[in-house]
Amino acid sequence: MTAAVTTSHRPLDGEKRRTPAVITLLVLATFVVILNETIMLNAIPNLMNSFGVTEHAAQWVSTAFMLTMASVIPVTGWFLQRVTTRTAYATAMGVFIAGTVISAIAPVFGILLAGRVIQAAGTAVMMPLLMTTLMTVVDESDRGRVMGNVTMAVSVAPALGPTLSGLILGFGSWRLLFLLVLPIAVGVAWSGLRRLENVNEPAESSVDWASVVIAALGFGSLVYGLSRFAEGEVGIPLVIAAVGAVLILGFVLRQLRLQRTGSPLLDLRAFLHGTFTKSLVLMAVAFLAMMGSMILLPLYLQTVRGLSPLSTGLLVMPGGLAMGLLGPTVGRIFDAYGGRVLVIPGSIGIVAALGGLSQISLTTPYWLVLVLHLVLMVSLAAAFTPVFTLGLGSLPAHLYSHGSSILGTLQQVAAAFGTALAVTVMSVRSDQVVDEVGAVAAHVSGLQAAFMVSAGLALIVVLMAVLLPARAEGHEESADGAAEEPAADLDAELAELCEHGREPAVCGC
C-alpha cells in the first residue's frame, strides 16, 4: 500500500459524484452506535422499578456512557494511526456488540452499567474513525456534500433515540432497547467487514501509558464533576471538576514535551492551525447551547406543561429530523459557495432561537415552541457541517486522526458543561424567586434565565463565524517542515488501481 490512499479520485467534468462506499458503511455504523447513546433517556423509571435503585443511580446509565466517551476518545488519535481501517472498525463494532449483549442480559444494575461502559468504549472509536476516513478519501472539493450526509446521520440518531425508546417502552421491558439494537449492530458489522477495505497506512508508534491514564482521569473527572453540578450539588462536584482541570493541564504539558520526541498521545500541534482552533471554539459553544436546550426543553414540556415523555419526544423530533435532513443541502451549498454564507446566518439564528426560548411562559403555544426549536436545529445544521469541514480540512493529513479526537473529546466536555450550566442557572434563579411567585412560576423563571445565558454565550458563535474563512486555507507545510504532497500527483498513482480510476475501497467497485 502506498501513500496514494490518502486522497480520493477527483471527478472528471460531468461525472456524477458519489459518496465513497467506505464512508457509507461507516456512517451507517456510526448511526447505530450514536442512536444507542440517547435511547436510554426515557428508561429511567423502568430501571428504578426493575432494579430497585434511586433515580440518581439510574441516571448513571447515561452519565457512565458520557464519562467513558470522554476518557477513551483522547486515545483514539494514536489508535487510529496504529491500526488499519478494518481493524479499527472491527474493534469498535465488536466492543459495542459485546456491551449490548451484556446490557441486554444484565441480572443486576452493576452489570448493566458495565455493559454501558463497554458500549461507550466502542462508540468512542467510531466517530473519529468516520471523520478521519472522510478527510482521507474524499476530495476537498466534495467534502461539504459528503460531510452533509454524515451530519444527517449523526444528527437524526440522537433526535430519534428518546422518541424510539418511548415507543418501545410502551410495549415491553427496557431490555427490548438492547435486544432490538443487537441484530442491527451485528448486521451492520458483518456487512461492513465484508465490504470495507483499508484506506490508511498504519504507522508503528509507541504509546505513553502515563498520558493514557492522565487523560482518562482528567477528562473523566471533569465531565463527572460537571455532570454532578447538573444534579444540584456544588461543593464536591467543584472539587472533582477542579482536579480534572488540573490533570488536563498536566496532560497538555506532557503532550507538549512528548511532541519533541515525536510520540505524543494527542498531537496538540493541531491548535497551531488557526482555522481549526476557531472552528473548535465555535463548535464547542454551539454544542453547549444545543445540549442545554436538549435538557431544558423536556424539563419545561414535562414538568411545567405536563406532557408525557413520548409527546415531548414527538414535539422536538421535527427539529432533530430537519437538522439531519438538511445536511446534504448544506453540504452542497458549502461546496459551491464556501462556509461563511452558511455559518454567519446560522450563528445568528442560534442566538435568535435561544433568545426566543428565553421568553417561554406557562401559556406559550406549543406550535411556537416547536418553531423556535426548529429554527435552532436548522441554524445548528447550517453551522456544524461547514465548521467540521473547515476545521479538519485546515489540518495536514497526519493530524486528521488527532484533530478528530480533539473534536470528539471537546464535544463530550461541552455536552457536560452545557447540561451543568443550564441546570445550575435554572436552579439558582428558581431559588431566588420561589418565595415571591410560587414553585411553578419560579421554575419557568429559571428556565428563562438558563435560555438567556445560552443565548448570551451563543454570541461567541457569531464572533467565530465572522472570523472563519469561506474555505480552508490549506496547509503550507507539515509539522516537520516538509511540504504536503500535491493531490494531483497522488491521483495519478490511483489511476491504475481500478477501471474507474479509483482506489477500490473508495470506489466500492
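Let me start with Trp 367, which is exposed in this predicted model, with a relative accessible area of 59%. This tryptophan lies in helix 15, the helix that runs over residues 366-393, and together with Leu 368, Val 371 and Val 375 it makes a nonpolar surface patch of about 350 Å².

Another exposed residue is Leu 272, whose relative accessibility is 70%. Leu 272 sits in the loop between helix 10, residues 235-258, and helix 11, residues 274-304, and although 123 residues separate Leu 272 from Leu 395 in sequence, the C-alpha atoms of these two leucines are 9.4 Å apart in space.

Let me stay with that part of the numbering for the salt bridges. How many are there? By the rule used here, the count comes to 1 salt bridge, and it is formed by Asp 267 and Arg 269, with 2.9 Å between the closest N and O atoms. Are the two partners buried or exposed? Asp 267 has a relative accessible area of 6%, and because the cut-off for buried is under 20%, the aspartate counts as buried, whereas Arg 269, at 23%, is partly exposed.

Now to the helices, and I will take helix 6 before the others. Helix 6 covers residues 109-137, and its end C-alpha atoms are 43 Å apart, which agrees with the 42 Å that its 29 residues should span at 1.5 Å a residue. Of those 29 residues, 23 are buried, so helix 6 is largely enclosed by the rest of the structure. One residue to look at in helix 6 is Thr 133, which counts as buried at 3% relative accessibility. What does Thr 133 touch, if we leave aside its neighbours within four places in sequence? Its contacts are Val 22, Ile 23, Leu 26, Thr 85 and Val 199.

In helix 7, which spans residues 143-169, we find Pro 162, and this proline is buried, with a relative accessible area of 18%. Setting aside neighbours within four places in sequence, Pro 162 is in contact with Thr 38, Leu 41 and Asn 42. There is also a long separation along the chain to point out here, since the C-alpha atoms of Pro 162 and Thr 312 are 9.1 Å apart while the two residues are 150 residues apart in sequence.

Helix 8, residues 175-195, has 21 residues and reaches 31 Å from its first C-alpha to its last, close to the 30 Å expected at 1.5 Å a residue. Several residues of helix 8 are buried, among them Leu 177, Phe 178, Val 181 and Leu 182, and further along Ala 185, Val 188, Ala 189 and Gly 192.

Let me finish with the confidence of the prediction. The mean pLDDT of the protein is 78, and 85% of its residues reach 70 or more. Over residues 1-16, however, the pLDDT is below 50, and this stretch has 40 contacts in the model beyond near neighbours in sequence. Residues 475-509 also stay under 50 in pLDDT, and for them the model has 68 contacts beyond four places in sequence. Where pLDDT is low, the predicted coordinates should not be read in detail.

Technical notes:
Residues are numbered from 1 along each chain as its sequence is written. This is a predicted model: local features need pLDDT of at least 70, side-chain atom pairs count only at pLDDT 80 or more; totals for chains, interfaces and linings use all residues. Side-chain values use heavy atoms; hydrogens and water are left out. Patches are made of residues with over 30% relative accessible area and no salt bridge: like charges are joined within 9 Å, nonpolar side chains (Val, Leu, Ile, Met, Phe, Trp, Tyr) within 5 Å. Accessible areas come from the Shrake-Rupley method with a 1.4 Å probe; for residues, only the protein chains shown count as cover. A salt bridge is a side-chain nitrogen of Lys or Arg within 4 Å of a carboxyl oxygen of Asp or Glu. Helices (H or I, at least four residues) and strands (E, at least two) are DSSP runs, numbered from the N terminus. Buried means under 20% relative accessible area, exposed over 50%, partly exposed in between (1.4 Å probe, protein chains only). The expected span of a helix is 1.5 Å times one less than its number of residues. pLDDT is the predictor's confidence in each residue, from 0 to 100. Contact means heavy atoms within 4.5 Å.
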